[in-house]
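User: I'd like to learn how to read burial and charge in a protein model. Can you walk me through one?

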Amino acid sequence: KQWYQRRVAITAGDSRSNQQGQEGEPTEQFDIPEDKCGLVIGSRGSKIREIQSDTGVGVNVGSRDTAVGGMIKVTLRGDKGGCDEAKKIIMELISDSDKRTERSW
């Protein structure tokens with residue numbers, strides 16, 4: 001478990017890092033359900049790297065041990081358009097997962 005948590009911190013960005021972003025670089029934070037963080041990170045960080053590559057935005061998913069009320073903080077750092085696009089992708093991943101779960105009932 002410790003190896004996985006360290007791997008996530010390296011892949012997703014350490015949640016203790018500078019939350020303000022670079023000078024002049026907008027930062028956006030929002031929460032996602034703890035049970036959905038794996039969707040955003042992906043296998044070995046593949047999905048988070050894809051989001052970062054497609055949008056040019058740094059994406060940091062907090063570790064599960066920082067969850068509050070079942071929610072984990074996601075921090076986006078980059079230009080406004082890229083942050084908006086990254087958030088849209090993340091919210092669609094979560095929404096699509098919820099829709100698949102509803103259909104399975």
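User: How buried or exposed is glycine 38?

Analyst: Buried means under 20% relative accessible area, exposed over 50%, and partly exposed in between (1.4 Å probe, protein chains only). Glycine 38 is partly exposed, because its relative accessible area is 33%. It's found in helix H2 (residues 37-41); helices are DSSP runs (H or I, at least four residues), numbered from the N terminus. Keep in mind that this is a predicted model, where local features need pLDDT of at least 70, side-chain atom pairs count only at pLDDT 80 or more, and totals for chains, interfaces and linings use all residues. Residues are numbered from 1 along each chain as its sequence is written, and side-chain values use heavy atoms, leaving out hydrogens and water.

User: Which residues of helix H3 are buried?

Analyst: Here's the general idea: an α-helix has 3.6 residues a turn, so residues three or four places apart point the same way. In H3 (residues 46-55), Ile48, Ile51 and Thr55 are the buried ones. Looking down the H3 axis, they fall within an arc of 60 degrees (taken from the directions from the axis to the C-beta atoms), so they line one face of the helix. The face turned away from that side carries exposed Ser53 and Asp54.

User: What follows H3?

Analyst: Glycine 56, with a positive phi near 75 degrees.

User: Where is glutamate 85, and is it buried or partly exposed?

Analyst: Glutamate 85 sits in helix H4 and is partly exposed, with a relative accessible area of 36%.

Notes: Helix = DSSP H or I, 4+ residues; strand = E, 2+ residues; numbered from the N terminus.
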